[in-house]
Amino acid sequence: MVDRLLGILKVRVLRGVDLAVRDFLQSSDPYVILRMGKQKLKTRVISRSVNPEWNEELTLTVENPSLPIKLEVYDKDTFSFDDPMGKAEFDIRTLFEVVKMNLEGLPDGCVITKLMPNRQNCLAEESVIRLENGSVLQDMFLRLRKVECGEIELQLKWMNIPNGRSASLQDYL
């Protein structure tokens, strides 16, 4: 597995905005699940909030940057199955391509590229990929699908692995 590992993606799940109400008390107890391939990670539950602040970092290992990352939000229930509160997905292909560029000499805070919302992605607004303290970061707001309302704010940070395999996106298409 290690020979196929390209890098580590740190996904900071910052917050939810205007999430759906799923409990009797006009609130919800939301948590987020991230999936990439066979990996599955989960945030903690935030009680009684439709605007939760997780600020929690989840770490994915990346072998194939063309795999989409799926995000699901659920309402934690004690006596029944957890209620779905929407889902979204995003890909890291553009982020991966930026990481492979020669970024030496670029100033801190430099915006490298921007992704715009469209019908093929779940972006709620423009997503910026930038350089900060020598790291490539991507900020994004995802609009949840299959639900009446809600957005999730994320920040992605790519971490290279010493002696990690060098590859281009074409290897995975």
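**Exercise 1. Contacts of isoleucine 152**

Task: In this predicted model, list what isoleucine 152 touches, leaving out residues up to four places away in sequence.

Solution. Start from the lower residue numbers: isoleucine 152 touches Val13, Arg15, Gly16, Leu19 and Val32. Continue along the chain: Trp54, Leu71 and Val73 are also touched by isoleucine 152. Finish with Met140, Phe141, Leu142 and Leu144. Now place the residue in its core. The largest nonpolar core has 39 residues. Ile152 is among those that touch the most other members, together with Leu9, Leu71, Phe90, Ile92, Leu142 and Leu154. Two of these names, Leu71 and Leu142, also stand in the contact list of isoleucine 152. As background, nonpolar side chains in soluble globular proteins tend to be buried together.

**Exercise 2. The open sheet**

Task: Give the strand order of the open sheet of 4 strands, then find its edge strands.

Solution. The order is β3-β2-β5-β6, and the pairing is antiparallel. Next, take the ends. β3 (39-42) and β6 (83-90) are the edge strands, each pairing on one side only. Then consider the twist: neighbouring strands are turned by 20 degrees against each other on average, direction ignored. Last, look at one pairing inside the sheet. Strand β2 (residues 30-36) and strand β5 (residues 69-75) run antiparallel and are joined by 6 bridges. Tyrosine 31 has tyrosine 74 in β5 as its bridge partner.

**Exercise 3. Aromatic pairs**

Task: How many aromatic pairs are there, and how is each arranged?

Solution. The count is 2. In one pair, tyrosine 31 and tyrosine 74 are stacked, at 5.8 Å centre to centre with 25 degrees between the planes. That angle is under 30 degrees, the cut-off for stacking. These tyrosines, in strands β2 and β5, are 43 residues apart. Both tyrosine 31 and tyrosine 74 are buried. In the other pair, phenylalanine 96 and tryptophan 158 are edge-to-face, at 5.6 Å and 65 degrees. Phenylalanine 96 lies in helix α1 (residues 93-100) and tryptophan 158 in strand β10 (residues 151-160), 62 residues apart. Both phenylalanine 96 and tryptophan 158 are buried.

**Exercise 4. Around tyrosine 31**

Task: Which lysine lies over the face of tyrosine 31, and is valine 45 buried or partly exposed?

Solution. Lysine 42 lies over that face, 4.6 Å from the ring centre. Valine 45 sits in the loop between β3 and β4 (53-62). Its relative accessible area is 31%, so valine 45 is partly exposed. Valine 45 touches Tyr31, along with Asp29, Pro30 and Lys76, not counting residues up to four places away in sequence.

Methods. Residues numbered from 1 in each chain as written. Predicted model: local features only at pLDDT ≥ 70, side-chain atom pairs only at ≥ 80, totals over all residues. Heavy atoms only, no water. Core = buried A, V, L, I, M, F, W, Y, C linked by side-chain atoms within 4.5 Å. Buried < 20%, exposed > 50% of the residue type's maximum accessible area, 1.4 Å probe, protein only. Contact = heavy atoms within 4.5 Å. Pairing = 2+ DSSP bridges. Helix = DSSP H or I, 4+ residues; strand = E, 2+ residues; numbered from the N terminus. Axes fitted to C-alpha atoms, helices over the stretch in contact; angles between N-to-C directions. Phe/Tyr/Trp six-rings, centres within 6.5 Å; stacked < 30°, edge-to-face > 60°. Lys NZ or Arg CZ within 6 Å of the ring centre and 35° of its normal.
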